[in-house]
Amino acid sequence: MVITAKQEALVVNSWNEMKDDAPTFALKFFLRLFEIIPAAEKRFSFLRDSSLPLEKNPKLKAHAMGVFVMTCEAATQLRKTGKVDVGANTSVKHLASIHFKNGIADVHFEV
């Protein structure tokens, strides 16, 4: 996969616009995802046993923020090197292993 300079700039510029309030935007992203696909919530093991409302769940907030940061870093790395080196990023590697273990497939990311 190749990312253009324009695509990288869109991700980086979006990040720069949002970073001061990134935790709020990141959480809103996942709340919207669960609104669109309610069954997606069951894919998150840390949500299954929680009685907290989603918008107050600290694990969801942390996960959402991590996804935002990794997306920006991956876009920059992809543009600079032509690939995302998962081996060099232990948090991405860990997340990938969890997704694999839980049967997450490309189709789950279409939204």
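This report walks through a predicted model of one protein chain, from its confidence scores to its core, its salt bridge and a few single residues.

## What kind of model this is

The model is predicted, so local features are reported at pLDDT of at least 70 and side-chain atom pairs count only at pLDDT 80 or more, while totals for chains, interfaces and linings use all residues. Residues are numbered from 1 along each chain as its sequence is written, and side-chain values use heavy atoms, with hydrogens and water left out.

On pLDDT (the predictor's confidence in each residue, from 0 to 100), the protein chain averages 83, and 92% of the residues score at least 70. Among its elements, helix 2 has the highest mean, at 92, and helix 5 (residues 90-101) the lowest, at 78. Helices here are DSSP runs of H or I with at least four residues, numbered from the N terminus.

## Helix 2, two faces

Helix 2 covers residues 22-36, which makes 15 residues. From first C-alpha to last it reaches 21 Å, close to the 21 Å expected at 1.5 Å a residue; the expected span is 1.5 Å times one less than the number of residues.

Its buried residues are Ala22, Ala26, Leu27, Phe30, Leu33 and Phe34. They sit on the same side of helix 2, because they cover an arc of only 130° around the axis, taken from the directions from the helix axis to the C-beta atoms. Turned away from that buried side is a face with the exposed residues Lys28 and Glu35. As for the cut-offs, buried means under 20% relative accessible area, exposed over 50%, and partly exposed in between (1.4 Å probe, protein chains only).

## The nonpolar core

In soluble globular proteins, nonpolar side chains tend to be buried together. The largest nonpolar core in this model has 16 residues, and those touching the most other members are Trp15, Phe30, Phe34, Phe44, Leu47, Leu54 and Leu60. Helix 2 and helix 4 (58-81) each supply at least two residues of this core, and helix 2 gives the most, with six. A nonpolar core is a set of buried Ala, Val, Leu, Ile, Met, Phe, Trp, Tyr and Cys residues joined through side-chain atoms within 4.5 Å.

Take Phe30: leaving aside neighbours within four places in sequence, Phe30 is in contact (heavy atoms within 4.5 Å) with Phe44, Leu60, His63, Ala64 and Val67. Leu54 comes from the loop between helix 3 and helix 4 and is buried, at 17% relative accessible area. With the four-place neighbours left out again, Leu54 is in contact with Leu27, Leu31, Phe34, Glu41, Leu47 and Leu60. Leu54 and Phe30 are 24 residues apart along the chain, with their C-alpha atoms separated by 9.2 Å.

## One salt bridge

How many salt bridges does a search of the whole structure find? Just one, and it pairs Arg32 with Glu35, the closest N and O atoms being 2.8 Å apart. (The cut-off is a side-chain nitrogen of Lys or Arg within 4 Å of a carboxyl oxygen of Asp or Glu.)

Both partners lie in helix 2, three residues apart, or about one turn of the helix. Arg32 is partly exposed, with a relative accessible area of 46%, whereas Glu35 is exposed at 56%.

## Around helix 3 and helix 4

Phe46 is in helix 3 and partly exposed, at 22% relative accessible area. Beyond four places in sequence, Phe46 touches Asn57, Lys59, Leu60 and His63. Asn57 sits in the loop between helix 3 (45-48) and helix 4, and is buried with a relative accessible area of 2%. Besides Phe46, the contacts of Asn57 outside its four-place neighbourhood include Leu47, Ser50 and Leu52.

On helix 4 there is His63, which counts as buried at 18% relative accessibility. Residues up to four places away not counted, His63 touches Phe30, Phe44, Phe46 and Leu95. Met70 is also in helix 4 and is buried, at 17%. Its contacts, again without neighbours within four places, are Ser91, Val92 and Leu95. Met70 and Pro38 are 32 residues apart in sequence and 24 Å apart in space, C-alpha to C-alpha.
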